[in-house]
2 protein chains.
Amino acid sequence: MTEPLFRRLALLGIGLVGSSIARVARERGGLADEVVANARTEATLARVRALGIADRTELDPTRAVEGADCVILCAPVGAYAALAQATAPHLAPGCILTDVGSTKQSVIRDVGPLVPEGVHFVPAHPLAGTEYSGPDAGFSTLFDGRWCLLTPPPGTDPDAVERVAEFWRRCGSMVSTMEPDHHDRVLAIVSHLPHLIAFTICGTADDLEGESRQEVLQFAASGFRDFTRIAASDPVMWRDVFLNNREALLEMLARFTEDAQAMARAVRWGDATYIEDRILRGRKIRQSLIELKQA
Amino acid sequence: MTEPLFRRLALLGIGLVGSSIARVARERGGLADEVVANARTEATLARVRALGIADRTELDPTRAVEGADCVILCAPVGAYAALAQATAPHLAPGCILTDVGSTKQSVIRDVGPLVPEGVHFVPAHPLAGTEYSGPDAGFSTLFDGRWCLLTPPPGTDPDAVERVAEFWRRCGSMVSTMEPDHHDRVLAIVSHLPHLIAFTICGTADDLEGESRQEVLQFAASGFRDFTRIAASDPVMWRDVFLNNREALLEMLARFTEDAQAMARAVRWGDATYIEDRILRGRKIRQSLIELKQA
């Protein structure tokens, strides 16, 4: 069996992603000798103990990080600043501090200044998830074949970056490094905007008058059903993502809105060629995804 | 075995839906003694013969409908007027003329006035489909457990309506009757708008500058991937749907755009409560769908 990368791994947050990491550690090995789970509530930790996916649970994050050589922030990104504030003085020298958040400039802004001398800060984002949340939702194959993007600040110890990369490879992921602002723009269009749109259209449907609303539910054809699936994702996690990738998200939403208005105009004036051309682009993107095996 | 409902069934158009009907007729029986397939091109009919899903193929729609006691328009809704114009004089007395189009007011507007005395016109819409198209894409379980909505004009022979209802029940569907304008509003929000949005966001992503565009493809997270799946649907069919449900689609798009702008404003000004509330509505709709077993 492969020598584990870390002696003690502390997971601050143990929802879908945190509990999936814990399951990889337990089921595949190679990640850490000991996994310590921390959560905001004792009820969550009780579930973690019942599931048997961590070696130890700690309600106090400062106790969870004690003696850990790897600490992963697995909470909603809006909770990072408070978690880093509380735990920074307790991080062991030489420890790697990393995360799994969907926004990377905000993490560097909120956590970066709090990282003590001698601790290696390597922001990371596994592009994996489902619409389910909580410790029961995780599974050890969540990261298989999915990308994990690292956005280390300039001057980060290359050995620490490589250990985090190896950590994610052992979780089954492909790893790539990116500039944080570029990461946030790409994620705004491939993930954050689609979620914002899915949440919004479900709200639009929910606002319909009585009878129509009932029939929306009854006759949900495939298009709408797919949107509701996306829209079932964790509210606090996504609220924090939107608030912490504001500029890129608003820019992509503005571009999308312009394009939707152009489509509306084409529908109003019966511009069949324009509509068909826009639809064909969607097909082309899909085709490219299939060729890249991302579909 | 059940006595077939019709002696000769003519399918004008043999793509995903038409070829699925043909397969139900072949594999389950109970629909028709003979299935005649018509398509715009000889190439499509050659595929139909190779697949062995019809008893006869006819390139000329007037020959396809000859002697048929049921004719189903299975082409994109924009092609209905020309098909009805050509075939109306050749429809047998007592024949049932129906369709599978996603817009019902336009079908009544385009086809209704052309229906000869003695022919029963029963517009219908099976809420079933995939992102694939053409005669190879069909399968006999496509309609199982899905709704089929009938929108018969006032004064339609109740026996004809019942035969079409029974036809769809034998295809595996649940059947309901609706006013055509109400149908078009409900479908605008559950199906047409989600497709318009999916096509649009794929176009928005396709317009990104070189490097980002490449990474959109490479890192397509789950949100965007689901949108590209919807966006892979047949361009001509959807172009026709948009153009033939203009008023309802534009109204739902306007409502959605207002809601998206309100969300943008909440993101810009950091209104966490508003964002969370809108996300929670999406969840609630999803939960209702699961309870109704539509998810």
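What covers the buried residues of α4(B)? The cover includes β1 (6-12), α3 (61-65), β4 (70-73), β5 (96-99) and α5 (105-110) of chain B. Keep in mind throughout that this is a predicted model. My points follow.

1. Helix α4 of chain B, the buried side. This helix spans residues 80-87. Its buried residues are Tyr80(B), Leu83(B), Ala84(B) and Thr87(B). Viewed down the axis of α4(B), they fall within an arc of 95°, so they line one face of the helix. The elements named in the opening, among them β1 and α5 of chain B, are what covers these residues.

2. Helix α4 of chain B, the other side. Ala82(B) and Gln85(B) are exposed. They sit on the face of α4(B) that is turned away from its buried side.

3. Helix α7 of chain B. It runs over residues 180-206, 27 residues in total. From first C-alpha to last it reaches 36 Å. That is close to the 39 Å expected at 1.5 Å a residue. Yet α7(B) has a kink of about 55°, centred on Ala188(B). Look at Ala188(B) when you inspect this kink. The helix is also mostly covered, with 24 of its 27 residues buried.

4. Helix α10 of chain B. Is this helix enclosed or open? Nine of the 10 residues in α10(B) (residues 235-244) are buried, so the helix is largely enclosed by the rest of the structure. The buried set is Pro235(B), Met237(B), Trp238(B), Arg239(B), Asp240(B), Val241(B), Phe242(B), Leu243(B) and Asn244(B). Note that it includes Arg239(B) and Asp240(B). Both chains supply packing partners for these residues. Chain A gives α11 and α12. Chain B gives α5, α7 and α11 (246-269).

5. The contact between the chains. How many residues does each chain bring? Chain A contributes 79 residues, and chain B contributes 79 residues. On the chain A side, the elements giving two or more residues are α7 (180-206), α8 (210-218), α9 (222-231), α10 (235-244), α11 (246-269) and α12 (272-291). The largest share, 19 residues, comes from α7(A). By residue type, the chain A side divides into 46 nonpolar, 16 polar and 17 charged.

6. Ala232(A), a residue that touches both chains. It sits in the loop between α9 and α10 of chain A. Ala232(A) is buried, with 25 other C-beta atoms within 10 Å. Setting aside neighbours within four places in sequence, its contacts are Glu131(A), Gly282(B), Arg283(B) and Arg286(B). Leu11(A) is a useful reference point elsewhere in the chain. The two residues are 221 residues apart along the chain, and their C-alpha atoms are separated by 24 Å.

7. Arg281(B), a contact from the chain B side. This residue lies in helix α12 (residues 272-291) of chain B. It counts 19 other C-beta atoms within 10 Å; buried status takes 20 or more, so Arg281(B) is partly exposed. Apart from residues up to four places away in sequence, Arg281(B) touches Cys202(A), Gly203(A) and Asp206(A).

8. Ala254(B), in helix α11 of chain B. Ala254(B) is partly exposed, with 13 other C-beta atoms within 10 Å. The exposed class takes 12 or fewer, so a count of 13 places Ala254(B) in the partly exposed class. Ala254(B) and Arg281(B) lie 27 residues apart in sequence. In space they are 19 Å apart, C-alpha to C-alpha.

9. Gly138(B), a loop residue. Is it buried or exposed? Gly138(B) lies in the loop between β7 (124-126) and β8 (147-150) of chain B. With 23 C-beta neighbours inside 10 Å, Gly138(B) counts as buried. Its contacts, leaving aside neighbours within four places in sequence, are Leu16(B), Ser19(B), Ser20(B) and Arg23(B). Val17(B) is 121 residues from Gly138(B) in sequence, but 6.4 Å away in space, C-alpha to C-alpha.

10. Domains of chain A. The chain is divided into domain 1 (6-178) and domain 2 (182-291). Their C-alpha centres lie 30 Å apart. The contact between them joins 14 residues of domain 1 to 17 residues of domain 2. On the domain 1 side, these residues divide into four nonpolar, eight polar and two charged.

Terms used
Residues numbered from 1 in each chain as written. Chains lettered and ligands numbered in written order. Predicted model: local features only at pLDDT ≥ 70, side-chain atom pairs only at ≥ 80, totals over all residues. Domains from an automatic or database assignment. Contact = placed C-beta atoms within 7 Å. Nonpolar A, V, L, I, M, F, W, Y, C, P; charged D, E, K, R; others polar. Helix = DSSP H or I, 4+ residues; strand = E, 2+ residues; numbered from the N terminus. Expected span 1.5 Å × (residues − 1). Bend = angle between axes of the 7 residues up to and from the residue. Arc of directions from axis to C-beta.
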